[in-house]
Amino acid sequence: MKKDQYIFPKSSFLGIAKDTSLITKKLLENKKLLKLIYYNSKDWEFKPDLTADQIKSLFTNKQISNVPKVIIDENKYTYLRITYDSFVPNETNPWYRDHLIEIKIICHFDDWDLGDYELRPYRIAGEIDSMLNGQHLTGIGLLQFLGADQALYDDEFGGIDLRYLAIHGEEDRINPLE
């Protein structure tokens with residue numbers, strides 16, 4: 001008697017874990033970005049590079065996360081949220097899905113000013129944009145910058161929401177567990 005083998009489902013949503021992993025890896029390679037997120041002072045550039053424990057704390061304190069909820073800590077951290085939205089069929093190939101990758105940069109207003117007219121959320125956005133725009137993740141195309149909007153969350157926190165277009169394809173046919 002022949003048994004049918006399990007066929008792994010095909011879905012563009014399977015690429016999200018891979019994209020989050022690749023984006024996070026890129027974030028962790030940027031020492032300036034990590035210091036901007038970790039140190040809330042104007043002299044962040046002169047602070048030492050982060051240790052492994054300090055980098056780990058960025059995740060345990062939920063400063064960097066792919067869960068959209070932000071829990072504000074009394075330490076007034078800077079937060080990054082990597083989220084996915086607006087999945088639609090690709091116009092030329094309905095098996096592929098276009099969607100947005102959104103990166104929300106959230107800072108306490110007391111920490112925005114870095115001196116010399118530079119603002120923390122925009123500096124962070126510049127670091128992230130220079131790493132991601134035009135890059136290939138798991139999809140069939142390059143990430144395309146679509147826009148950024150200033151975001152005011154409450155009377156203490158605000159920031160910038162970056163948006164990139166991603167087109168997924170072949171990873172829909174690959175078992176992500178392999």
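**Exercise 1. In which hand does H1 pass H4, left-handed or right-handed?**

Solution. The model is predicted: local features need pLDDT of at least 70, side-chain atom pairs count only at pLDDT 80 or more, and totals for chains, interfaces and linings use all residues. Residues are numbered from 1 along each chain as its sequence is written, and side-chain values use heavy atoms, leaving out hydrogens and water.

Step 1. Fix the terms. Helices (H or I, at least four residues) and strands (E, at least two) are DSSP runs, numbered from the N terminus. A crossing is left-handed if the near helix is turned anticlockwise from the far one by less than a right angle, and right-handed if clockwise.

Step 2. Read the crossing. H1 passes H4 in a right-handed crossing.

Step 3. Find the residues that meet. Ile-23, Lys-26 and Leu-27 of H1 meet Ile-128, Met-131 and Leu-132 of H4. Contact means heavy atoms within 4.5 Å.

Step 4. Sort them by class. This contact of H1 with H4 has 5 nonpolar, no polar and 1 charged residues. Ala, Val, Leu, Ile, Met, Phe, Trp, Tyr, Cys and Pro count as nonpolar; Asp, Glu, Lys and Arg count as charged; the others, Gly among them, are polar.

**Exercise 2. Describe how H2 lies against H3 and H4.**

Solution. Step 1. Take H3. The axes of H2 (residues 31-38) and H3 (residues 52-60) come within 11 Å and cross at roughly 60°. That makes H2 oblique to H3. Angles under 35 degrees count as roughly parallel, over 145 as roughly antiparallel, 65 to 115 as roughly perpendicular and the rest as oblique. Axes are lines fitted to C-alpha atoms, for helices over the stretch in contact, and angles run from 0 to 180 degrees between N-to-C directions.

Step 2. Name the partners. Leu-34, Ile-37 and Tyr-38 of H2 touch Gln-54, Ile-55, Ser-57 and Leu-58 of H3. The contact of H2 with H3 holds 5 nonpolar, 2 polar and no charged residues.

Step 3. Take H4. The axes of H2 and H4 come within 10 Å and cross at roughly 150°. H2 and H4 are therefore roughly antiparallel to each other. On the H2 side, Lys-32, Leu-33, Leu-36 and Ile-37 make the contact; on the H4 side, Arg-120, Arg-123, Ile-124, Glu-127, Ile-128 and Met-131 do. Here the classes are 6 nonpolar, no polar and 4 charged.

**Exercise 3. Which residues of H2 are buried, and what covers them?**

Solution. Step 1. Set the cut-offs. Buried means under 20% relative accessible area, exposed over 50%, and partly exposed in between (1.4 Å probe, protein chains only).

Step 2. List the residues. Leu-33, Leu-34, Lys-35, Leu-36 and Ile-37 are the buried residues of H2.

Step 3. Look at the cover. It includes helix H1 (15-29), H3, strand S1 (64-65), strand S2 (79-89), strand S4 (113-115) and helix H4 (120-132).

Step 4. Check the N-terminal end. Asn-30 caps H2 there, with a side-chain oxygen 3.1 Å from the backbone nitrogen of Lys-32.

**Exercise 4. Trace the polar contacts of Arg-81 and His-108.**

Solution. Step 1. Define the contact. A polar contact is a pair of N or O atoms within 3.5 Å; within protein, one must be able to donate a hydrogen and the other to accept it, and residues adjacent in sequence count only if both atoms are side-chain atoms.

Step 2. Start with Arg-81. Arg-81 sits in strand S2. At 0% relative accessibility, Arg-81 counts as buried. The side chain of Arg-81 reaches the backbone oxygen of Gln-63 at 3.3 Å. The backbone oxygen of Lys-69 lies 3.1 Å from a polar atom of that Arg-81 side chain.

Step 3. Go on to His-108. His-108 lies in strand S3 (residues 97-108). With 4% relative accessibility, His-108 is buried. Its side chain and that of Glu-156 are joined by a polar contact of 3.0 Å. A polar atom of the His-108 side chain also lies 3.0 Å from the backbone nitrogen of Asp-110.

**Exercise 5. How many helices and strands does the protein have?**

Solution. Step 1. Count. There are 4 helices and 7 strands.

Step 2. Read along the sequence. The pattern is α-α-α-β-β-β-β-β-α-β-β.

Step 3. Add burial. Buried residues make up 42% of the 178 residues.
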